[in-house]
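Here is my notebook from a session with one protein model. I kept the entries short and put the cut-offs beside the terms as they came up.

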Amino acid sequence: MSDVMALKPDSPLQVGDWQYLPEQDKLVQFDPEGKIIATADLDNLSQKVANYFIVHAGKLVTKDELLLDVWGIRDVSDGRVTRVIRVLRVALGDDTREPRYIETIPKRGYRFIAPVSAIVPQASQDADEPAVSITAAQVKKRSNKPWLLVSAIVALLVMLLSWWFSATDKVESDIKATVPMLRYTPVTSLDGLEFYHNISVDERYLVYSYASPEDENVTVLMLQDLQEHKRAQLTEPSFSSFGAAFSPDGNRIAYHRMYPDGGCEIRLMHLDLSNFYAASDETLVKCGDNSVSSRISWSPDGNYIAYPSMSEQKQMVIMLKPINGGASEQLTVPPPSSFGDYAARFSRKGDQLVFLRDAAGSAQIWVLDMSSRAINMLVKVTDVLPGNVDWDLEDKAIIYPSAPTALSKIDVATAKSSIIAYTDFNALEVQMSSRGAIVATVGNFAHVNIRKVPNLITGSSFAQETVFSSNRNETLAEANPIITGPTAVVSRRSGLPQVWLFYADGNQKQITHFDKNERFRSLVFSPDGHSLVAQINNEIWLLSENEMPKMLSSASDNLISSPGWSSDGKSIFYAESKNGRWHIMSHDLSGDLLEPKVFAEGRELYIESYDKNYSVWRDAVSKKFYISWNEESRVEEIPIVLPEDQLWLKVQAKERGIYFTYLIDSIQYKLKFYSFDDKKVTDAVSVDYLYHSRFSVSADERFVYILEAVRGDFDIAKIELQ
C-alpha cells in the first residue's frame with residue numbers, strides 16, 4: 001500500500017454555506033454571534049475526502065484518483081467511494097438532483113462545485129472588500145504555515161465576525177437571527193415518489209400517494225402507522241389514486257381516483273385501523289373528465305369535502321360536496337386566462353378555505369369566506385410552484401413554500417408575508433400537524449435531460465443521445481437557425497436556471513445571471529442566430545450573447561404565450577389574453593424599445609417563417625390554423641386539429657412544412673409534421689411520446705431536441721418549528 005496523501009488546507013476557508021476550521025479539521029457553520037451552530041457529521045475518512053475535494057475544487061476528480069490519493073490503494077471496489085460520497089452529501093445538505101457541492105460527472109468522476117474562498121481577518125481587510133478567492137494551488141502552497149498562527153487567526157476571525165454582524169450590520173443580523181435554518185427529518189424513504197401526503201389529527205397515521213421506480217405510470221395509496229412503523233397498500237394499480245385526506249375522526253379517507261381513460265371520481269374509504277386495511281371503498285361523486293391529480297380537504301365537522309374538478313370550460317375549479325348527500329357546489333370561478341384552481345384546505349375552524357390558483361405558470365394564494373363566498377388574493381408565489389399550503393394553528397396565517405429552500409407565512413388579515421425557516425430541501429406539499437410540526441413532500445418529481453433524436457422527415461438515422469447533461473436539470477434547448485451558430489440551453493448547472501450558449505468547438509457561455517428561481521417557458525432564436533426572445537414567467541425578455549438581458553413586456557394578470565420573431569428580425573410577436581380575448585402583440589426592436597402594439601385581434605398564435613415565404617396563425621375562437629403565402633397573397637386553412645384539452649403548443653415553421661406538438665394523453669405529446677407538398681400530417685420522431693410540448697428542430701432538420709424525464713425521488717419529511 002502506498003503512502004496516503006494527507007492533503008488538507010491549513011487556513012480558514014468559506015466552503016459554500018460552511019466554514020473550514022483547520023485546527024479542528026472540521027466543516028462548521030456559525031450563527032451571527034460567531035457561535036458554532038452546526039458541524040458536518042463526518043468520520044475521519046469522509047473528512048479526508050472532503051478535504052481532498054476542497055483542495056481540488058472545480059476540477060474533475062476520478063474515482064481512481066480518490067482511491068489512490070485518499071485510500072492509498074488501487075485494486076479495490078469503487079463502492080467505497082460511492083458510500084463516502086453519499087455520506088458527504090448528507091452531511092453537507094447536498095442533493096444529487098440539484099447539487100450545490102458535489103457534482104457527479106457520469107462515467108468519469110466528481111467535481112466539487114461549491115465556491116471556496118479564503119476568509120481574511122477584518123483587521124487586514126477593508127470592510128467593503130470581498131473575501132479573496134483562493135485556488136487549489138494556493139491551498140497546497142500554504143500547507144506549511146505554523147498551526148499556532150492559524151489558531152490565532154481563527155480566534156480573531158470569530159471575534160471579528162461577531163463584531164461585524166452585531167455592530168456593522170445589526171438590522172440584517174436581527175432579521176437572520178429570527179429565521180432558523182432547519183433540517184427535515186425523513187418520515188418515509190421508499191425508492192420512487194411519495195407525495196400528496198396527509199397526516200391524521202392524532203398524528204399517528206400517514207396516507208400518501210406512491211409511484212414506484214418499476215412502474216412510474218401507476219400511483220397507489222399507502223397507509224403508514226408512524227407509531228408501530230408498519231405500512232399497507234390501500235388501492236389497486238389498475239388506476240391512479242391521489243390527494244387522500246383523513247376525516248377529522250381518522251376513520252375515513254377521501255381521495256381522487258383517476259382512470260386511464262380520463263374518468264375521475266372522488267371516493268370515500270372506510271378504514272379498519274385495528275387490522276390495518278380498507279374495510280370499504282365507494283364513489284362519493286364523479287368529477288370532471290381529465291381532471292388533474294387533486295388534493296382533498298375535509299371540513300372540521302366532517303360534513304363536507306372540498307375538491308378540485310375539471311369544468312366544462314376546461315378549467316380546474318374548487319367544488320364543495322356534502323358527505324351525507326346533496327349536490328356539489330362550485331366555489332371558485334378562475335379567470336379565462338388561468339388553468340384554474342388546483343388545491344384547497346379548510347381552516348381549522350372551517351369558516352374559511354385557502355386555495356391555489358394557476359397564474360401563467362406561477363401560483364396565487366387565495367382565501368374564500370365560507371359564509372359570504374367572498375374571495376381575496378393574498379400573494380403571488382413566483383420562485384416555486386406550491387403543491388399545497390396550510391393554515392397555522394390559530395387560522396391567522398397561511399404556511400407555504402416561498403422559495404426552493406424556504407418556508408413562509410402570510411398574515412390573512414394584513415397580507416404581510418415573512419420567512420419562518422430556511423430548509424435543507426425543496427418542499428412542495430406542506431401540512432401543519434395539530435401540534436405545529438410541518439410535514440412536507442421534499443425532493444423532485446423528475447430529473448430532466450435533453451435528448452437529441454433523428455428527424456424522420458429528413459431520414460436521419462444516427463443514434464439517439466443525451467446532450468448538454470450536467471447531472472442537473474436541463475429543461476429547454478433551442479437549436480440555432482444558423483448551422484454554425486450556438487445552441488441555447490436552460491440549465492441549473494450554475495445553481496439557478498440560467499441560459500447557456502453551447503458552441504460547436506465545445507465552449508460554453510452563461511448569458512443570464514438571474515438571482516432567483518425564474519421559470520423559463522420558451523426560447524426562440526432570431527433569424528440571424530444572434531439574439532433570443534424568451535418567455536420567463538409571464539414576461540417577454542430579449543437575450544443576447546454580449547448584452548444584458550432586457551425585459552420587453554410584462555402582463556400581471558393576463559396570459560402571455562408563444563413569443564417569436566418577424567422574418568426580418570426587427571420585431572417580436574407574442575400572444576396575449578386580456579379579459580379572456582386573445583390578440584397578437586408586436587414589439588418593434590429598431591431604435592429605442594417602444595411599447596408593444598396590437599398586431600392582430602382574435603388570434604392566439606402567430607409565426608413568420610425565416611425564409612420570408614409565409615406566416616402561420618391560429619384563430620382564437622374556431623381554433624383553426626391558417627397559412628398566408630406572401631408572394632401569392634393567398635390564405636388557406638391548414639388541416640391541423642388539436643385535442644380540445646391541449647393547453648400547451650409549440651409550432652416551428654420550416655421551408656417544407658410545419659412541426660408542432662400534439663397531445664395524446666394527459667401530459668404526453670407526439671411531435672407531428674405538416675407537409676406543404678402532400679398536405680399530410682405525419683410523426684416527426686420515432687420516440688413513443690414527448691413528455692413535454694417543448695422541442696427544437698435543427699437548422700438542417702437532421703435532428704430534434706426533445707426533453708427526457710428521468711424519474712426522481714420524493715420523500716415525506718418533517719420539520720419541528722422552534
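**Entry 1: the larger hole**

I sorted the lining of the largest cavity by class and got five nonpolar, five polar and three charged residues. For my classes, Ala, Val, Leu, Ile, Met, Phe, Trp, Tyr, Cys and Pro are nonpolar, Asp, Glu, Lys and Arg are charged, and the others, Gly among them, are polar. A note on ground rules: this is a predicted model, where local features need pLDDT of at least 70 and side-chain atom pairs count only at pLDDT 80 or more, while totals for chains, interfaces and linings use all residues. Residues are numbered from 1 along each chain as its sequence is written, and side-chain values use heavy atoms, with hydrogens and water left out.

I then looked up how big this cavity is, and its volume came out at about 80 Å³. Its lining has 13 residues, of which His197, Asn198, Ala244, Arg345 and Asn388 are the closest to the centre. A cavity here is a set of points, on a 1 Å grid over the protein atoms alone, where a 1.4 Å probe fits but cannot get out, and lining residues have an atom within 4 Å of a point. Grid points are joined across faces, edges and corners, and the volume is the space filled by probe spheres set on the points.

Which strands supply at least two residues each to this lining? I found β11 (193-199), β15 (240-246) and β31 (427-432). Strands are DSSP runs of E with at least two residues, helices are runs of H or I with at least four, and both are numbered from the N terminus.

**Entry 2: the smaller hole**

My search at 30 Å³ or more gave two cavities. The second largest has a volume of about 30 Å³. I listed its lining as Leu27, Ala50, Phe53, Ile54, Leu88, Leu92, Ile102 and Phe112. By class that is eight nonpolar, no polar and no charged residues. Helices α1 (44-55) and α3 (79-92) each supply at least two of them, and α1 gives the most, with three.

**Entry 3: the disulfide**

How many disulfides does the whole structure hold? I found one, taking a disulfide as a pair of cysteine sulfur atoms within 2.5 Å. Cys264 is joined to Cys287, with an S to S distance of 1.6 Å. Cys264 lies in β17 (residues 264-272) and Cys287 in β18 (residues 277-287), so the bond ties together parts that are 23 residues apart in sequence. The torsion about the S-S bond is about -85°, so I logged this disulfide as left-handed.

Are the two cysteines buried or exposed? Buried means under 20% relative accessible area, exposed over 50%, and partly exposed in between, with a 1.4 Å probe and protein chains only. Cys264 is buried at 5%, and Cys287 is buried at 8%.

**Entry 4: a histidine beside both cysteines**

I clicked on His256 next, which is in strand β16 (residues 252-258). Its relative accessibility is 0%, so His256 counts as buried. Leaving out residues up to four places away in sequence, His256 touches a list that includes Cys264, Cys287, Phe242 and Ser293; contact means heavy atoms within 4.5 Å. The C-alpha atoms of His256 and Phe242 are separated by 5.1 Å, and the two residues are 14 apart along the chain.

**Entry 5: two hairpins sharing β2**

I went back to the start of the chain. Strand β1 (residues 13-15) pairs with β2 in the antiparallel sense over three bridges; two strands pair if DSSP finds at least two bridges between them. Val15 has Trp18 of β2 as its bridge partner. This hairpin has two residues between the strands, and Gly16 takes a positive phi near 60°.

On to the next hairpin: β2 and β3 (residues 26-30) are also antiparallel, over three bridges, and Gln19 is partnered by Val28 in β3. Four residues lie between these strands, with Asp25 at a positive phi near 50°.

What covers β2 (residues 18-21) drew my eye: Trp18 and Tyr20 are buried on one side, and Gln19 and Leu21 are buried on the other.

**Entry 6: the whole chain**

To finish, I took the overall counts. The protein chain has six helices and 55 strands, and 55% of its 722 residues count as buried.

Notes:
1 Å grid on protein atoms, 1.4 Å probe; cavity = no way out; pocket = protein on both sides within 12 Å on 5 of 7 lines; lining within 4 Å.
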